[in-house]
Amino acid sequence: MATLKGPGAPKSYDGSGLRVGIVHARWNNKIIDALLSGAKKSLADAGVKKENIVIQSVPGSYELPFAVQRIDLPSLTKEPATKGSTAPFDAIIAIGVLIKGETMHFEYIADATTQGLMRVQLDSGVPVIFGLLTVLDEEQGLARAGIAGVGGNVGHNHGSDWGSAAVELGVKRKG
Ligand SMILES: O=c1[nH]c(NC[C@H](O)[C@H](O)[C@H](O)CO)c([N+](=O)[O-])c(=O)[nH]1
């Protein structure tokens, strides 16, 4: 039975003129690495040039909003990226994996990071794709990164959806 969830088949957009940033956390890096690969494959499939993809990492998901806004990335302004410049990006993908522990730490980071990423994109005018997995156990995270867990089920790699969303929003932002 076809799944009812998810964005459905992505529409095709030409990403050849886009400059895309990816900022990922390093916590839970086995899942992160799979999500990152999925996002990069979608970007490549849409024609985004490898030289126009900038990848940065931060320790954990809590650092994502700050890094997306400023650290290591050319400052985000409303000026569209131009070829070969260090001008800002057309879209940025923020990737993190939060796994629920015994305390409330998970909830506080999840909420702060979510609100922070939304604020950065609205303040900067640059689309920030929400690539934060908030899962209750590692199995859920593996499944959403397309990795077979102990249960053997291989889910859908959500990173590929985030890459497609970055291309769509980047193209729409350029107008
Ligand atoms: O990205 C994550 N960061 C986590 N914590 C670190 C946090 O994001 C910050 O890096 C840290 O608090 C320092 O600011 C996590 N847990 O605590 O479980 C987690 O599961 N995932």
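**View 1. Histidine 105 and its polar neighbours meet the ligand.** In this predicted model, an N or O atom in the side chain of histidine 105 is 3.2 Å from an oxygen atom of the ligand. Glutamate 63 joins in too: one of its polar side-chain atoms lies 2.5 Å from a ligand oxygen. Glycine 60 uses its backbone instead, with a polar atom there 3.5 Å from an oxygen atom of the ligand. On its own, the ligand has 460 Å² of accessible area, and the protein covers 76% of that.

**View 2. Here's the shell around the ligand.** Among the residues around the ligand are Trp27, Asn28, Ser61, Tyr62 and Val97. Sort the shell by class and you get six nonpolar, four polar and one charged residues. Two elements, β3 (91-99) and α3 (105-124), give two or more residues each, and β3 gives the most, with three.

**View 3. The ligand's home is the second largest pocket****.** This pocket has a volume of about 230 Å³. It's lined by 13 residues, and the closest to its centre are Trp27, Leu98, Ile99, His105 and Ile109. Both β3 and α3 supply at least two residues of the lining. By class, the lining splits into seven nonpolar, five polar and one charged.

**View 4. Now for the largest pocket.** About 580 Å³ of space lies in the largest pocket. Of its 20 lining residues, Gly6, Pro7, Gly8, His156 and Asp161 are the closest to the centre. β4 (128-135) and α5 (158-174) each chip in at least two lining residues, with α5 giving the most, seven. The lining has nine nonpolar, six polar and five charged residues.

How values were computed:
Residues are numbered from 1 along each chain as its sequence is written. This is a predicted model: local features need pLDDT of at least 70, side-chain atom pairs count only at pLDDT 80 or more; totals for chains, interfaces and linings use all residues. Side-chain values use heavy atoms; hydrogens and water are left out. A residue is near a molecule or strand if one of its heavy atoms lies within 4 Å of it. A polar contact is a pair of N or O atoms within 3.5 Å; within protein, one must be able to donate a hydrogen and the other to accept it, and residues adjacent in sequence count only if both atoms are side-chain atoms. Accessible areas come from the Shrake-Rupley method with a 1.4 Å probe; for residues, only the protein chains shown count as cover. On a 1 Å grid over the protein atoms alone, a cavity is a set of points where a 1.4 Å probe fits but cannot get out, and a pocket is an open set with protein on both sides within 12 Å along at least five of seven lines; lining residues have an atom within 4 Å of a point. A molecule sits in a cavity or pocket if more than half of its atoms lie within 2 Å of its grid points. Helices (H or I, at least four residues) and strands (E, at least two) are DSSP runs, numbered from the N terminus. Ala, Val, Leu, Ile, Met, Phe, Trp, Tyr, Cys and Pro count as nonpolar, Asp, Glu, Lys and Arg as charged, and the others, Gly among them, as polar. Grid points are joined across faces, edges and corners, and a volume is the space filled by probe spheres set on the points.
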